[in-house]
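New notebook page, new protein. I'll jot down what I look up as I go, starting with one odd residue and working outward.

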Amino acid sequence: MTDTFISQKTDASGWFRSLRDDIVTRFEALEQQHVTDVPAGQFEVSETKRTSEDGSDAGGGLMSVMRGGRVFEKVGVNVSTVFGTLGTRAQEAMAARKGLRGMCDDPRFWAAGISLVAHMQNPHCPAVHMNTRMFWTPHAWWFGGGSDLNPCIEYPEDTAQFHGVLEQHCAPHGADLYPRYKAWADEYFYVPHRKRARGVGGIFFDDHCTGDWDKDFTLTQDVGRAFLPAYVPLVEARLGQSWDAADREVQLIHRGLYAEYNLVYDRGTRFGLETGHDPDAVLMSLPPLAKWT
């Protein structure tokens, strides 16, 4: 591992932690601003640890979860930096998906990222997902991530606001980037067995490596920076909107769709479980309550 990569690794891991801190601070401020007879929610923060098969350190991170708040019924903001060797299944998946046949000979990896999922109290406030990450192997490195909106009750103006901010943050990196990453999100977050999308989309990218690390890292940072201005105004606009039992029913059923996708199709969930990461952190994305009819 070269000195250059060590520096890049430190920068990437530090950025994901900084973004996590900004989001946690802003979400707790939302809880304080929305005054109800329910106590303002606060994040419970715990360290996650990962060990290799021989018991040696293999990284970890921070799991920050808020439950039962005024605004958020459940929200998790996790960061992790993990390393080690990929197991046989993960090696085979990596070789098949990326053509990295050398993984079987040298299956070392390093990965860092942030993952966020928010499930809201008010059914008119959309659920949301955001993730950005960096992955390294001796054979290749790349970035990935994105964010997508998952309202149970869609408002076209909210969808337009969310996508508009994402497009603005993608624009400095090329006019073709947003439409390409939007189409990728539409494909990736499609639920085949339900024949419908998980939400109203956003952007998604993976395996991003132009060969210019600084350029690719800047793009990944801008995707992360887009999240709060894209999402928070939607929550603030809907917080005071009244809702009833019928709205709650719609919300719970939609959460069932969300859970199905994350358990059956989500690549990050599979990778986290297969590489021995803390299952509570990996499954943080699941809603606190859901319903199937």
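Where is D207 found? I looked it up, keeping in mind that this is a predicted model: D207 is in strand β9, which covers residues 201-208.

**Entry: two positive phi values.** I picked D207 because its phi is near 55 degrees, a positive value in a residue other than glycine. I also checked how much of D207 is covered. Its relative accessible area is 29%, so D207 counts as partly exposed, between the 20% and 50% cut-offs.

K195 went on the list too, since K195 is not a glycine either and has a positive phi of about 55 degrees. I found K195 in a loop, with β7 (190-191) on one side and β8 (196-197) on the other. Is K195 buried or exposed? Its relative accessibility is 66%, and because that is over 50%, I wrote down "exposed".

**Entry: the whole chain.** Next I stepped back. I noted 8 helices and 9 strands in the protein. For overall size, I looked at the C-alpha atoms, which fill a box of roughly 60 × 45 × 35 Å along the principal axes. Then I tried the radius of gyration. A compact globule with 293 residues would have a value near 19 Å, and the protein has 19 Å, so the two agree.

I also looked at how the chain meets itself. Taking contacts with a separation of 6 or more, I found that 69% of them join residues 24 or more positions apart.

**Entry: inside.** How many of the 293 residues count as buried? I got 52%. My background note for this page: in soluble globular proteins, nonpolar side chains tend to be buried together. Here I found that the largest nonpolar core has 54 residues. The residues with the most contacts inside this core are I23, F27, F72, F227 and Y231. Helix α5 (residues 213-238) gives the largest share of the core, 12 residues.

I followed up on F227. Which residues is F227 in contact with, leaving aside neighbours within four places in sequence? My list reads I23, F27, L116, V128, M130 and S147. I23 and F27 were already on my page, as both are among the core residues with the most contacts.

**Entry: outside.** Last, the surface. I have the protein exposing about 13,200 Å², with carbon and sulfur atoms supplying 52% of that area. For charges, I noted 29 positive and 39 negative side chains. The centres of these two sets lie 3 Å apart.

Note on methods. Residues are numbered from 1 along each chain as its sequence is written. This is a predicted model: local features need pLDDT of at least 70, side-chain atom pairs count only at pLDDT 80 or more; totals for chains, interfaces and linings use all residues. Side-chain values use heavy atoms; hydrogens and water are left out. Helices (H or I, at least four residues) and strands (E, at least two) are DSSP runs, numbered from the N terminus. The radius of gyration is taken over C-alpha atoms; the globule rule is 2.2 Å times the number of residues to the power 0.38. Buried means under 20% relative accessible area, exposed over 50%, partly exposed in between (1.4 Å probe, protein chains only). Contact means heavy atoms within 4.5 Å. Accessible areas come from the Shrake-Rupley method with a 1.4 Å probe; for residues, only the protein chains shown count as cover. Lys and Arg count as positive and Asp and Glu as negative; His and the chain ends are not counted. The place of a charge is taken as NZ of Lys, CZ of Arg, CG of Asp or CD of Glu. A nonpolar core is a set of buried Ala, Val, Leu, Ile, Met, Phe, Trp, Tyr and Cys residues joined through side-chain atoms within 4.5 Å.
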